[in-house]
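Got a minute to go through this model with me? Here it is, and then some questions and answers.

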Amino acid sequence: MQFLTDLLSNRILVAAFFGWLTAQILKTIIYVGVNKEFNPERLLGDGGMPSSHSATVMALVTSTCYYYGAASFETAIAGVLALITMHDAMGVRRETGNQAKVINNMMDWFQELNGDFNVEEKLKEFVGHTPLQVLFGAILGIIVGLVVCNIM
């Protein structure tokens, strides 16, 4: 039981969690506003505005810097992790989503040509982020990190 208490009182972990949670909720609200439909997958899914990956790691960096200082090795580790995560969200993961769109279109085309071609499941297209989505996720993460640090 002490482990769970320690985990829930870890302010840095709590800030990172709330960075993710806030981004996922905002992402779902924005999706509903744009598409006029609720998609429960958006609550836990990847991709979209704002980037929950960026919000999570920037809340982590912000709270780490708040508690340990900018010159600490903890902040350095969190910062490097954030850079890698955000770069990956805009790079490899974004390209994966673009490739999924092309492959899904090809599968639809093949199915139209040959009725025997069976498409069991479409590939997931919401995977990565645009630079703007990453930027807004990062800003959100900084704000959430500061709010959590000042409340706890």
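Q: Which residues of H2 are buried?
A: H2 is one of the helices, which are DSSP runs of H or I, at least four residues long and numbered from the N terminus. Buried means under 20% relative accessible area, with exposed being over 50% and partly exposed in between (1.4 Å probe, protein chains only). By that cut-off, the buried ones in this predicted model are Ile-12, Val-14, Ala-15, Ala-16, Gly-19, Ala-23, Gln-24, Lys-27, Thr-28 and Tyr-31.

Q: Which helices do the buried residues of H2 pack against?
A: Contact here is heavy atoms within 4.5 Å. On that basis, the partners are helix H1 (2–8), helix H3 (52–68) and helix H6 (131–151).

Q: How far apart are the end C-alpha atoms of H2, and what span should its 25 residues have?
A: The expected span is 1.5 Å times one less than the number of residues. For residues 11–35 that gives 36 Å, and the end C-alpha atoms agree, being apart by 36 Å.

Q: Is Thr-28 buried or exposed, and what is its relative accessible area?
A: Thr-28 lies in helix H2 and touches Phe-38, Arg-42 and Leu-43, not counting residues up to four places away in sequence. Its side chain also reaches the backbone nitrogen of Leu-43 at 3.4 Å. Thr-28 counts as buried, because its relative accessible area is 7%.

Q: Which helix supplies the largest share of the largest nonpolar core?
A: A nonpolar core is a set of buried Ala, Val, Leu, Ile, Met, Phe, Trp, Tyr and Cys residues joined through side-chain atoms within 4.5 Å. The largest one has nine residues, including Val-57, Met-86 and Val-134. H3, helix H4 (73–90) and H6 each give at least two of them, but the largest share, four residues, comes from H4.

Q: How many disulfides does the structure hold?
A: A disulfide needs two cysteine sulfur atoms within 2.5 Å. For Cys-65, the nearest cysteine sulfur is that of Cys-149, 9.5 Å away. The structure's total is zero.

Q: Where is confidence lowest, and where is it highest?
A: pLDDT is the predictor's confidence in each residue, from 0 to 100, and the protein averages 86. Local features need a pLDDT of at least 70 and side-chain atom pairs 80 or more, while totals for chains, interfaces and linings use all residues. Residues are numbered from 1 along each chain as its sequence is written, and side-chain values use heavy atoms, leaving out hydrogens and water. The lowest mean, 71, is in helix H5 (residues 92–113), and the highest, 96, is in H3.

Terms used: Helix = DSSP H or I, 4+ residues; strand = E, 2+ residues; numbered from the N terminus. Polar contact = N/O pair within 3.5 Å; in protein donor to acceptor, adjacent residues only side chain to side chain.
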